[in-house]
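Reader: Hi! Could you walk me through this model in plain words?
Author: Happy to, here it is.

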Amino acid sequence: MTTWIDNRWYVAAWDAEVDRAPLARTICGEPVMLYRRLDRTIVAMQDACPHRLLPLSMGIKEGDSIRCRYHGLLIGSDGRAEEMPLRNDPVNTSICVKTYPVVERHRFVWIWIGAAEKADPALIPDFWPCSHEGWTFDGGYNAIACDYRLLIDNLMDLTHETYVHEGSIGQRELMEAPITTHAEGNEIVVTRWMAGIEAPPFWRGALKQDGLVDRWQICRFLPPSNVIIDVGVAPVGAGATVEDHDQGVRGFVIDAITPESEGRTHYFWGMARNFDIHDTGFTARFKQQQGGVFAEDVEVLEAQQSSIERNPGLKLRAYAIDQGGVKARLVIERLRKAEAAEAVAG
């Protein structure tokens with residue numbers, strides 16, 4: 001039994017990753033091929049020729065169709081056979097390849113791996129800062145050799161910044177500020193408010209002034225496996241509160257986490273911000289810096305996964321700082337069990 005929820009939207013790629021040439025990517029254990037039709041809409045298809053199972057992503061594009069590189073079976077963008085290997089043979093209309101619902105939104109390509117008839121675009125997680133006027137957004141991608149839930153744990157407990165990211169965004173005040181955790185339906189929210197502190201170098205540069213600040217980190221888990229983190233600083237006395245904090249500089253760390261298989265994860269990351277939005281040079285430099293920060297996470301998470309596998313008799317323990325990740329895992333498990341029960345019943 002898998003650890004993820006099937007009937008949900010997952011990010012399969014950044015919009016710029018998918019072009020006319022096929023892109024192969026395993027999503028929730030299923031090999032998928034993505035490419036754009038001539039009208040730039042996206043095809044998502046099982047990456048296996050129905051004849052001898054050669055990956056179709058190795059095939060030859062012909063218009064919007066793809067021809068298997070092994071024996072030449074031609075498959076249309078709807079997944080149906082259009083031409084047999086022996087071209088004089090009549091087309092066998094029963095030959096088809098599974099296709100998946102796909103939607104482009106918030107710079108991402110979202111795919112629905114489960115039952116296609118249940119694919120409702122309204123269920124796509126609300127990454128509103130990525131598309132909202134007055135904000136700008138960019139980011140990158142990492143393939144990580146770890147259970148996708150370890151990454152959720154990591155992002156829902158930013159206490160680790162003090163040590164894992166000591167040279168970049170870590171700050172001792174993170175260990176001293178109290179945190180609160182609560183649920184909003186199936187979403188889990190972890191809030192840390194740090195009042196009257198020195199801003200770390202990045203936020204001091206973004207604010208463009210010295211002086212004490214109020215700093216916040218509000219982590220929100222969005223099923224099935226996404227985390228957005230509301231971060232920023234405002235000058236002390238500007239009136240910023242947990243509920244209303246647009247008085248300074250603000251960003252949202254965007255984390256779209258897609259299981260590849262058990263023990264491997266696609267990590268699509270970025271930051272949407274409401275400051276210096278027209279400074280494309282800053283956007284490029286910050287993307288590079290953010291990538292360096294996340295590379296530190298990758299090192300830790302892969303080592304953690306390896307240690308888990310080497311110590312099968314040991315279990316992860318949860319302390320007070322882990323409540324966000326624990327509650328997120330409970331949501332995943334509850335939704336997964338409900339889906340399984342519905343499948344049995346129906």
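Reader: Nice. What radius of gyration does the chain have, and what would a compact globule with 346 residues have?
Author: The chain has 22 Å, and a compact globule with 346 residues would have a radius of gyration near 20 Å, so the value agrees. That radius is taken over C-alpha atoms, and the globule rule is 2.2 Å times the number of residues to the power 0.38.

Reader: Before I go on, what kind of model is this?
Author: This is a predicted model, where local features need pLDDT of at least 70, side-chain atom pairs count only at pLDDT 80 or more, and totals for chains, interfaces and linings use all residues. Residues are numbered from 1 along each chain as its sequence is written, and side-chain values use heavy atoms, with hydrogens and water left out.

Reader: Thanks! How many helices and strands does the chain have?
Author: There are six helices and 17 strands in the chain. Helices (H or I, at least four residues) and strands (E, at least two) are DSSP runs, numbered from the N terminus.

Reader: And what share of the residues counts as buried?
Author: Of the 346 residues, 49% are buried. Buried means under 20% relative accessible area, exposed over 50%, and partly exposed in between, using a 1.4 Å probe and protein chains only.

Reader: Let's zoom in. How many residues of helix 1 are buried?
Author: Helix 1, residues 148-156, has eight of its nine residues buried. Among them are Tyr148, Arg149 and Asn154.

Reader: What about strand 14, why is it largely enclosed?
Author: Strand 14 covers residues 212-222, and nine of its 11 residues are buried, so it is largely enclosed by the rest of the structure.

Reader: Which strands pair with strand 14?
Author: Strand 13 (residues 187-198) runs antiparallel to strand 14, joined by nine bridges. Strand 15 (residues 226-235) is also antiparallel to strand 14, over 10 bridges. Two strands pair if DSSP finds at least two bridges between them.

Reader: How many residues are in the hairpin joining strand 14 to strand 15?
Author: The hairpin goes through three residues. As for partners, Arg220 is bridged to Ile228 in strand 15, while Ile218 in strand 14 stands opposite Thr191.

Reader: New topic: is Gln290 buried or exposed?
Author: Gln290 is buried, with a relative accessible area of 6%. Gln290 is found in helix 5, residues 280-310.

Reader: Which residues does Gln290 touch?
Author: Leaving out residues up to four places away in sequence, Gln290 touches Val253, Trp269, Gly270 and Met271. Contact means heavy atoms within 4.5 Å.
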